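Trainee: Please pick one part of this model and look at it closely. I would like to know what lies beside it and how it is covered.

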Amino acid sequence: MRRGRRSGFYTFVAVHSTIRGPGLGGCRMWTYEDARDALRDVLRLSRAMTYKMAVADLPLGGGKGVIMLSPHAPPSPERRQQALLDFADTVAALDGRYITAEDVGTSSRDMSVIAERTRYVAGLSRERGGSGDPSPFTALGVEYAIRACCERVFGSDSLEGRTIAVIGLGHVGSRLAKRCARAGAKLLLADVDERKRRLADELDGRWVTPERAFEEEAEILAPCALGGVLNDETVPKLHCRIIAGAANNQLADERIADLLAARTILWAPDFVANAGGVINISEEFGTYDAATARGRVRGIADTLRRIFDDAEASGATPLTAAMELARRRLVRASDTDTLRSAEAATG
């Protein structure tokens with residue numbers, strides 16, 4: 001945690017685990033009322049990234065970055081750029097233990113600014129040698145997560161005629177909505193920004209408020225905005241059979257997974273469903289090929305099938321099964337790391 005010498009904004013980097021490799025996670029630029037809220041957020045998000053990487057079987061650990069904006073006024077373009085450079089200094093101080101990328105409030109263009117001060121940046125524009133905007137890959141992964149859930153609940157992975165409520169129409173949510181529309185789904189679209197209503201008109205969907213979306217008769221709910229939306233207040237109102245979306249930390253508390261299971265609502269753990277972006281970015285560390293990345297992202301459906309099978313066999317929730325899969329992979333990586341250290345020590 002540092003206070004930027006240029007911008008005066010607080011910047012945070014949390015590294016939760018490097019057992020499988022350097023901690024990778026996006027840089028979130030967001031408004032917080034209190035620095036403690038930002039600290040809690042970056043710690044919570046970095047932990048989720050560890051499990052996301054492990055479940056996706058990537059050679060990476062979990063990390064996250066936050067630039068805390070003032071709640072009183074948005075920064076000027078100059079001060080915003082200064083904040084990105086301050087964050088870059090924080091990343092550089094960790095000397096490769098953390099690799100940043102774009103997240104809520106930042107873009108591939110912002111990553112280019114950060115790259116002026118540190119080389120530990122992924123998701124740069126294609127002109128800069130990166131893979132560009134990861135949101136199309138995240139949306140692709142969520143679509144295949146939805147398909148895996150439909151296969152489990154309805155016996156077919158087809159989205160034709162299914163009613164899907166997409167809450168949050170940012171970079172990922174809007175792309176997900178378009179993919180589902182092309183697949184023949186009927187859409188309910190919601191966002192706090194009324195200007196996004198035109199997407200509903202474009203896709204022949206129905207516009208609802210985010211609050212109302214939780215109460216609609218949609219078969220599938222896709223939360224694609226900020227986290228904590230599945231809680232004691234919203235879950236009793238749900239009429240859906242499936243929840244699979246791009247938002248991080250969708251559960252206000254882990255016990256909410258039990259409430260969903262009790263209502264026979266199949267929830268695709270968010271850190272599995274939304275891993276498409278990081279799966280794509282991980283391809284940058286070799287010889288990048290977009291077609292190969294898309295194929296690996298579609299594998300999210302196979303991962304979920306395994307998780308659902310494990311959950312059913314053990315009588316657990318999908319969350320428990322996913323966490324257990326991640327833990328097994330983390331333990332295996334830790335054992336391998338210990339063995340290598342021992343071998344190095346003994347020559």
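Mentor: Strand β2 (residues 10–17) runs antiparallel to β4, and seven bridges join the two. Strands here are DSSP runs of E, at least two residues long, numbered from the N terminus, and two strands pair if DSSP finds at least two bridges between them. One of the bridge partners is Ile67 in β4, which is matched with Thr11. This is a predicted model, in which local features need pLDDT of at least 70 and side-chain atom pairs count only at pLDDT 80 or more, while totals for chains, interfaces and linings use all residues. Residues are numbered from 1 along each chain as its sequence is written, and side-chain values use heavy atoms, with hydrogens and water left out.

β4 also pairs with β3, this time in the parallel sense and over seven bridges. There, Gly65 of β4 is the bridge partner of Cys27.

Now the covering. Nine of the nine residues of β4 (residues 61–69) are buried, so the strand is largely enclosed by the rest of the structure. Buried means under 20% relative accessible area, with a 1.4 Å probe and protein chains only. In a regular strand the side chains alternate between the two faces of the sheet. On one side of β4 are Gly61, Gly63, Gly65, Ile67 and Leu69, and on the other Gly62, Lys64, Val66 and Met68.

The largest nonpolar core (buried Ala, Val, Leu, Ile, Met, Phe, Trp, Tyr and Cys residues joined through side-chain atoms within 4.5 Å) has 108 residues. Apart from it lies another core, of seven residues, and Met68 is among them, as are Phe12, Ala14 and Tyr32.

Key
Buried < 20%, exposed > 50% of the residue type's maximum accessible area, 1.4 Å probe, protein only. Helix = DSSP H or I, 4+ residues; strand = E, 2+ residues; numbered from the N terminus.
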